Amino acid sequence: MGNEIIDTALIEYKLWLEKTKDDPYMQKELSRLETSGEELLDCFGGELSFGTSGIRGIIGPGPRRISKYVVARATQGLALYLRKRIQDSPESFKGRVVIACDSRRFSTQFARETAEVLSGNGIKAFLFPEITPVPLLSYSIEALDCDYGIMITASHNASIFNGYKVYNRDGYQVVGEETKGIYNEISALGYFDGINRSQDNIVLVEDDVPKSFINKINELTDSYNKDEDKSDIKIIYTPLNGAGRNYVKEALKHAGFENVIPVPAQDVYDENFTTCKTPNPEKLSAYNEAFKVMDMEGGDIIIASDPDSDRVGVALVHDETKINLTGNQIGLLMLDYLTSVKTPRDGQVVYRSIVSTPLFDRVAEANGLNVNLTMTGFKFIGEGISNMIKEGKGDDYYFGFEESNGFLISPFIRDKDAISSAVIIALMANSLKKKGKDLIDRLEEIYSNYGTLIDRAKSFTFDGYTGLETMNSIMEYFRNEVEDHIGDLYIEDKTDYLNDDTGMIKSNIIKFEMDDGSTALIRPSGTEPKIKVYMFLTDPTSNIDKAITDIMEGYK
């Protein structure tokens, strides 16, 4: 590592030390770094970039951490970008932005900082006064006639993280040229000078917006609710200390589910996620407290929404084994159930990301649905929906999902929604219980009808200043060196979505289609220092999983 990088980091560190003299928290953190050279370099050797529709990072000092200064700079850049758009197209852009936050550490402070910087730039800032789910933020952009929405959240990450997501006026996270334009404005700014603040243009969002949102959710789920005679299904629900707490329970109650038991330790806002260090409904460990409640109270299923309530997960006990379903399995079950209660019309479409199970396509096509593939990230599904609506084909949308537990039933919002999805899952489990079955029983029937593809997902973390460099080296290895086989499987076809002419947006993803019908996809995360691997296997005894793991571990 060159002395130039170290010298630059030290210069930046001293600048932060000088500019934050009136901030006791930041001064304490900076003083602590004085004796930690490696951590100091990690905090100040570079910066978090405005990438996958926003910023996400560990809370702390410096350009490679997230703090109110990083948030203010990002907001100033967005404000400058929006002001240019207003100047170029005053009939389209109004100078209005809505801001929400989840229950994370500093989320409320970051949201207020965001509102003050927007206000200081003459932009009307609508600020939610309470903890707010992502789907409500997405809905409120149109409801309040805003140009953008900003969500302060780090989604399902551990408590040391927070983040900043930007949504466009159509209600999905910004993509393409819009992302680049915002990034260019941000990157030209410093962290302390040129940041405008005021409180003159801040308006608190009134109750009628969340009320109209939950009414929309209820109307939507009513259309799928065909069971007038409710069973006594017992649901254990956990919001994982997050924003879904009141909304999911209210939606379940409206749908007729009276026997909903909350998980007490997680039915409160807890910025430290004390009983769930990684509040991710994809992980079995996220259900530990819920299983304790189920052991005491009994129950048929556990439903969990993540801290910003855009993802939803399901767990249950089947044959005396505790199981949490994967996002792919939930997506298959939801599509199967939806088609059983609302027959698709000719021409209707479903969406899935390319890293989600191909088995979804078989179920969709068997029910007369067309399948649209998107790059990973629900924003691309949102973009597809918006294009359909602009073409007058919004009613052709049927369902969309991505493997990371994101589902959307209706296009009245444009991001994944744990609230309506939780109700559909409850209706599905209720219907199956009446037939003496559970979700695993039905999943096995789907496999019997359409074939089995075992989905496995793994993440490999590469922390520290050199983490990004290591990840780039790994992707280049898979891109240039892995051509013939992976483990005991031969490669039949290889697609490089960054360089091949696939007709899709360029993305750093490599897909291997193997000679036995299995598929493996490899991509770096856009929000975390991780490389993610997605496998869909026809044979669970294949050693492709081990072979990929060995390659990853060889770089550590």
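Colleague: Quick one to start: in β11, which residue is the bridge partner of His318?

Modeller: That's Thr321. Keep in mind that we're looking at a predicted model here.

Colleague: Okay. How many bridges join β10 to β11, and which way do the two run?

Modeller: There are 4 bridges between β10 and β11, and the strands run antiparallel. Together β10 and β11 make a hairpin, with 2 residues between them.

Colleague: What about the phi of Asp319 in that turn, positive or negative?

Modeller: Positive, at about 50°.

Colleague: Which sheet does the hairpin sit in, and what's the strand order?

Modeller: It's an open sheet of 5 strands, ordered β8-β7-β9-β10-β11, and the pairing is mixed. The edge strands are β8 (260-262) and β11 (321-324), and each of them pairs on one side only. From one strand to the next, the twist averages 25°.

Colleague: And how is β9 joined to β10?

Modeller: By 4 bridges: β9 covers residues 301-305, β10 covers residues 312-318, and they run antiparallel. As an example, Ile302 has Ala315 in β10 as its bridge partner.

Colleague: Which helix packs on that sheet?

Modeller: Helix α9, residues 245-254. It touches β7 (235-238), β8 and β9, and the direction of α9 makes about 155° with that of β7.

Colleague: Switching topic: what's the strand order in the open sheet with 6 strands?

Modeller: That order is β1-β5-β4-β2-β3-β6, with mixed pairing.

Colleague: Why is one side of β1 and of β6 left without a neighbour in the sheet?

Modeller: Because β1 (54-58) and β6 (202-204) stand at the edges, and each has a single partner strand. As for the twist in this sheet, it averages 15° from one strand to the next.

Colleague: So how many bridges join β1 to β5?

Modeller: There are 5, and β1 runs antiparallel to β5, which spans residues 161-167. Within that pair, Ile58 stands opposite Phe161 in β5.

Colleague: Which strands does α6 lie across?

Modeller: α6 lies across β2 (96-101), β4 (148-152) and β5. It runs at about 165° to β4.

Colleague: Now pockets. What volume does the second largest pocket have?

Modeller: About 420 Å³. Its lining is made of 21 residues, and the ones that lie nearest the centre are Gly394, Asp395, Ser410, Pro411 and Phe412. The elements giving two or more residues to that lining are α6 (134-143), α8 (208-222) and β14 (397-402).

Colleague: Which of them gives the most?

Modeller: α6, with 3 residues. So the helix that lies across β2, β4 and β5 also gives the most to the lining of this pocket.

Colleague: And what does the lining look like by class?

Modeller: You get 10 nonpolar, 5 polar and 6 charged residues.

Colleague: Last topic: at what angle do α11 and α15 pack?

Modeller: Helix α11 (residues 327-341) and helix α15 (residues 439-450) pack at about 85°, and their axes are 10 Å apart. The two helices are therefore roughly perpendicular to each other, since angles from 65 to 115 degrees count that way.

Colleague: Which residues meet there?

Modeller: From α11 it's Gln329, Leu332, Leu333 and Asp336. They meet Leu439, Arg442, Leu443, Ile446 and Tyr447 in α15. By class, the residues of this contact divide into 6 nonpolar, 1 polar and 2 charged.

Note on methods
Residues are numbered from 1 along each chain as its sequence is written. This is a predicted model: local features need pLDDT of at least 70, side-chain atom pairs count only at pLDDT 80 or more; totals for chains, interfaces and linings use all residues. Side-chain values use heavy atoms; hydrogens and water are left out. On a 1 Å grid over the protein atoms alone, a cavity is a set of points where a 1.4 Å probe fits but cannot get out, and a pocket is an open set with protein on both sides within 12 Å along at least five of seven lines; lining residues have an atom within 4 Å of a point. Grid points are joined across faces, edges and corners, and a volume is the space filled by probe spheres set on the points. Ala, Val, Leu, Ile, Met, Phe, Trp, Tyr, Cys and Pro count as nonpolar, Asp, Glu, Lys and Arg as charged, and the others, Gly among them, as polar. Two strands pair if DSSP finds at least two bridges between them. Axes are lines fitted to C-alpha atoms, for helices over the stretch in contact, and angles run from 0 to 180 degrees between N-to-C directions. Contact means heavy atoms within 4.5 Å. Angles under 35 degrees count as roughly parallel, over 145 as roughly antiparallel, 65 to 115 as roughly perpendicular and the rest as oblique.
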